[in-house]
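Subject: Structure for your review

Dear colleague,

Please find the structure below, together with its sequence. I would be grateful if you read the notes that follow with the structure open beside them.

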Number of protein chains: 2
Amino acid sequence: MATDLEIARAATLRPIAEIAARAGIPDSALEPYGKHKAKVSLDFAAEQGTKPQGKLVLVTGISPTAAGEGKTTTTIGLGDALNARGTRTMICLREPSLGPCFGVKGGAAGGGRAQVAPMEDINLHFTGDFHAITSANNLLAALVDNHLYWGNELGLDPRRVTWRRAMDMNDRNLRNMVVGLGGPAQGVPREDGFDITVASEVMAIFCLASGLDDLQDRLGRVIVGQRRDGTAVTARDLKADGAMAVLLRDALAPNLVQTLEGSPALVHGGPFANIAHGCNSVMATRLGLSLAEVVVTEAGFGADLGAEKFCDIKCRAAGLAPSACVVVATVRALKMHGGVAKADLGREDLTALRAGLPNLLCHVENMGKFGLPVVVALNSFTSDTAAEIALVRDALSALGTEAVPCTHWADGAAGASALAEAVGRLLGEGQARFRPLYPAEMPLADKLRAIAREIYRAADVSLPAPVAARLDRFEKAGFGGSGVCVAKTQYSFSADPSLLGAPEGHTLPVREVRLSAGAGFVVAICGEVMTMPGLPRRPAAEAIRLDAEGRIDGLF
Amino acid sequence: MATDLEIARAATLRPIAEIAARAGIPDSALEPYGKHKAKVSLDFAAEQGTKPQGKLVLVTGISPTAAGEGKTTTTIGLGDALNARGTRTMICLREPSLGPCFGVKGGAAGGGRAQVAPMEDINLHFTGDFHAITSANNLLAALVDNHLYWGNELGLDPRRVTWRRAMDMNDRNLRNMVVGLGGPAQGVPREDGFDITVASEVMAIFCLASGLDDLQDRLGRVIVGQRRDGTAVTARDLKADGAMAVLLRDALAPNLVQTLEGSPALVHGGPFANIAHGCNSVMATRLGLSLAEVVVTEAGFGADLGAEKFCDIKCRAAGLAPSACVVVATVRALKMHGGVAKADLGREDLTALRAGLPNLLCHVENMGKFGLPVVVALNSFTSDTAAEIALVRDALSALGTEAVPCTHWADGAAGASALAEAVGRLLGEGQARFRPLYPAEMPLADKLRAIAREIYRAADVSLPAPVAARLDRFEKAGFGGSGVCVAKTQYSFSADPSLLGAPEGHTLPVREVRLSAGAGFVVAICGEVMTMPGLPRRPAAEAIRLDAEGRIDGLF
């Protein structure tokens with residue numbers, strides 16, 4: 001069987017200007033990056049603001065397992081299939097991070113015949129957006145320490161600096177460190193650490209900004225730490241916001257690429273969904289909606305993480321109202337949720353499937369709480385049996401939800417045509433009554449409780465006294481209207497990655513809360529989740545290299 | 001008077017494909033990055049290998065002062081002037097680093113009417129090369145620590161890890177740190193630090209590599225540290241070389257831009273000349289020589305640093321033989337070398353000028369030791385008097401060297417036409433007999449002594465016992481044939497930045513030596529020079545921001 005890389009290499013891509021023209025983007029609005037990637041100018045994006053808006057379809061999924069579910073491939077396959085049946089459709093995806101690419105997960109440009117291309121470029125540096133975000137993050141960090149070094153006029157407490165450095169890499173050794181060692185000429189010693197770039201507030205701001213003005217404003221609001229009296233010091237106080245915005249200016253223009261079947265795709269921004277808000281940029285989604293009849297977009301990891309944040313953070317901030325939702329599941333993954341080991345997934349196992357199904361049902365039911373009609377995409381594997389598929393369809397039909405088997409990985413658009421029809425039906429029926437889960441004015445702790453109870457099915461939230469006190473301080477400082485961005489494991493509804501299926505009665509343990517005043521949310525770190533991942537014993541990087549013709553081997 | 005940014009903005013740039021075509025680069029060999037930047041494909045560069053070679057002209061300068069000398073503007077002005085008189089000329093420059101851009105020095109794209117454009121892009125992320133280099137450097141660091149974390153099969157001594165992390169930023173707080181804190185799940189505690197990207201061995205390898213194969217080979221040879229028995233562990237041992245090369249693949253293709261007068265310029269790679277080897281990539285210089293009659297290139301800081309390394313490291317490694325050398329000086333800077341403060345430079349002061357002149361004479365004489373004919377470019381300021389200019393010209397004519405006043409900053413090509421004529425004469429005479437300063441087989445300590453005595457005019461080299469022992473170990477391990485890359489202050493021939501003019505009898509204090517086995521040289525850190533700069537009290541970043549139209553303000 002051909003690998004993703006081989007399929008991608010065999011494809012003939014069209015010049016990006018041709019893809020752009022068909023999507024309604026004139027040549028004058030394109031900044032080409034090579035022959036098959038382009039940025040769409042901010043001026044053009046701004047001009048589209050008043051045009052008729054398309055409909056927004058969210059692709060989300062069950063809680064991920066080691067079996068793989070195929071959310072990105074489904075987003076791409078659905079977009080291709082909608083285009084194939086004559087609906088002008090734009091696909092909106094996140095940019096991949098180098099961390100997973102060199103770690104264990106691999107790239108994030110889809111797979112099989114449902115890929116965005118050129119996959120090597122997209123998976124590596126692409127148009128440099130993440131590097132710009134990393135630079136802006138670290139410029140602020142350098143300005144913080146430089147301010148301390150030169151006398152600390154603002155009175156920032158070095159022990160209360162909350163701004164961390166960032167790197168687009170899985171590097172656990174950078175989680176906790178002491179910097180500024182070596183004596184008075186070398187800096188100011190203090191505790192510090194790096195987060196992966198996709199977890200940084202600059203990434204969140206980049207993805208939520210509505211334009212350059214809003215970007216510079218949000219950057220100015222970033223809080224870098226506190227004085228001894230607890231008052232905040234911001235990036236604006238340090239005069240860092242302007243240079244940060246300058247570093248991000250070109251990056252803020254959305255990136256246009258194509259699928260292997262020639263659909264246009266905007267791939268822009270990429271916060272992780274477990275430790276950040278998990279969806280592509282507002283700039284790209286809005287541009288897509290101004291150009292296409294339908295925008296298909298993805299939120300990361302399970303619907304408890306990605307879809308919840310998509311609705312409560314992104315859609316609320318950008319004034320977006322999605323019209324339908326696709327929940328991706330596989331028979332294999334549901335059997336894993338039912339207790340089967342990965343090695344045994346090849347066998348029919350209706351008992352395990354029945355045990356794992358509640359994970360899917362729970363996610364589907366949750367999406368209804370946002371007022372969204374749902375269709376389930378059952379991403380097919382050759383090992384799926386007719387009885388297994390029937391079991392899933394029957395269970396969903398009891399909820400009034402359709403499940404559509406898909407084979408876009410192997411068959412491209414043709415493999416998702418039934419799904420496209422089902423989505424088309426949902427859009428035609430116009431049943432969506434989108435609403436966020438919680439109102440902005442709800443106290444922060446209650447917002448956390450609402451997410452935990454309604455979405456995670458937790459019995460309670462554990463808020464240690466210092467965490468509760470911190471939330472209280474955020475409220476008093478005027479940040480009570482912020483959203484809440486939960487950072488927790490993606491593997492379970494709970495904060496315990498070993499609790500598969502649909503656990504109930506658990507407690508959500510909030511370990512730490514961080515205020516992202518520029519992004520406009522409070523990050524609640526729950527359980528053991530890390531904002532800087534580590535590499536596995538045998539990182540994917542070990543197998544990646546250039547062959548004799550200078551081509552890339554081992555990227556997947 | 002218009003700022004550099006205003007002049008650059010007012011210029012009308014030609015499509016990069018037009019610049020390329022005139023330089024002999026077909027459209028098929030271009031990867032556009034926007035409308036005014038492009039990478040020239042590695043395949044095209046490789047095909048040019050056997051074509052007739054142009055002549056190589058090095059632009060270097062006196063020891064820099066706070067008055068500014070204008071080496072980059074002279075390189076650009078000379079290139080424009082040569083093109084204007086019908087000599088097909090390619091300009092080869094280094095890419096700027098974000099460190100100085102946000103610190104005190106500002107950008108590095110020339111100035112006035114002698115600029116490469118688009119200056120904002122070139123000064124900021126450009127085509128992402130430095131970000132790729134940073135990523136490759138830090139991927140190796142992550143793989144080192146990950147190896148220690150997962151059991152350390154290779155037996156690397158955590159106390160003897162010499163590979164440092166990198167960031168393209170001035171950030172003194174990252175010079176010395178302890179990483180891996182927080183317990184067994186968080187890494188392996190050890191001392192660590194960041195260098196600025198332009199000082200990293202990956203930057204040096206990138207700039208010395210002759211192609212992708214050589215790049216991957218050199219990366220494999222990088223030594224990350226030692227075992228307890230002193231044997232080396234390499235990037236190849238860690239299986240890191242392939243993924244590092246993959247990260248650098250696209251970056252290795254040279255970047256083509258244009259001057260404000262439409263000359264082609266390859267701007268590629270950018271090691272600092274004080275803490276690294278100080279010249280643009282071999283890939284770019286070779287490509288330029290295959291296409292043009294003359295390549296004008298710059299080596300960083302004073303001729304003691306940049307030109308010496310250009311000759312002894314770059315030209316030796318790449319088999320290049322320069323044909324002529326331009327030493328840039330200004331009356332103002334020479335008066336500073338003669339003891340005048342910056343505020344007093346507006347007055348004629350022949351005594352101070354006479355006292356400062358030896359700095360220039362010494363650099364000019366030094367270039368003769370490499371077998372290169374020299375012309376001095378006297379970069380003019382309106383405050384220069386006729387008597388001052390005559391004094392400089394007379395002093396040089398006693399050495400048989402011509403000094404040509406230039407006004408390219410204000411006048412573009414026209415202001416450097418006399419210089420272009422003088423350079424043309426030197427090239428026509430064919431007097432160059434290029435030779436490196438020391439033979440490859442000379443012991444490392446003797447190479448250091450040769451540079452110190454012949455170039456720096458030092459009486460001696462101080463090699464503390466541990467440093468001498470380390471050099472000895474490098475020799476025994478088979479690295480005796482390496483070049484030597486001195487890291488020292490750029491402000492003086494000596495390692496003491498306060499010793500201006502042409503000091504003699506000083507001692508070069510070697511503080512530390514590091515083996516760059518992939519780059520093929522030993523770095524000798526002398527005196528107080530830092531491989532990670534700091535920011536000033538009022539960093540340039542504070543004044544940089546987006547204006548209401550989204551344009552960049554405050555970049556210079």
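Which residues in helix 4 of chain B meet which residues in helix 17 of chain B? Please bear in mind that this is a predicted model. From helix 4 of chain B, T74(B), L78(B), A81(B) and L82(B) take part, and their counterparts in helix 17 of chain B are S417(B), L419(B), A420(B) and V423(B). Sorted by class, this contact comprises 6 nonpolar residues, 2 polar residues and no charged residues.

The two helices span residues 71-84 and residues 417-429 of chain B, respectively. Their axes come within 8 Å and cross at roughly 75°. Angles of 65 to 115 degrees count as roughly perpendicular, and helix 4 of chain B and helix 17 of chain B are therefore roughly perpendicular to each other.

The second finding concerns chain A. Here 4 strands, in the order 20-22-23-21, form an open sheet with mixed pairing. Strand 20 (460-462) and strand 21 (483-487) of chain A each have a single partner strand, so they stand at the edges and one side of each lacks a neighbour in the sheet. On average, neighbouring strands of this sheet are turned by 40° against each other, direction ignored.

Strand 21 of chain A runs parallel to strand 23 (residues 521-526) of chain A, and 5 bridges join them. In one of these pairings, C485(A) has V523(A) in strand 23 of chain A as its bridge partner. Helix 19 (residues 465-479) of chain A packs on the sheet, where it touches strand 22 (507-516) and strand 23 of chain A. The direction of helix 19 of chain A makes about 35° with that of strand 22 of chain A.

Yours sincerely,
A colleague

Key:
Residues numbered from 1 in each chain as written. Chains lettered and ligands numbered in written order. Predicted model: local features only at pLDDT ≥ 70, side-chain atom pairs only at ≥ 80, totals over all residues. Heavy atoms only, no water. Axes fitted to C-alpha atoms, helices over the stretch in contact; angles between N-to-C directions. Parallel < 35°, antiparallel > 145°, perpendicular 65-115°, else oblique. Contact = heavy atoms within 4.5 Å. Nonpolar A, V, L, I, M, F, W, Y, C, P; charged D, E, K, R; others polar. Pairing = 2+ DSSP bridges.
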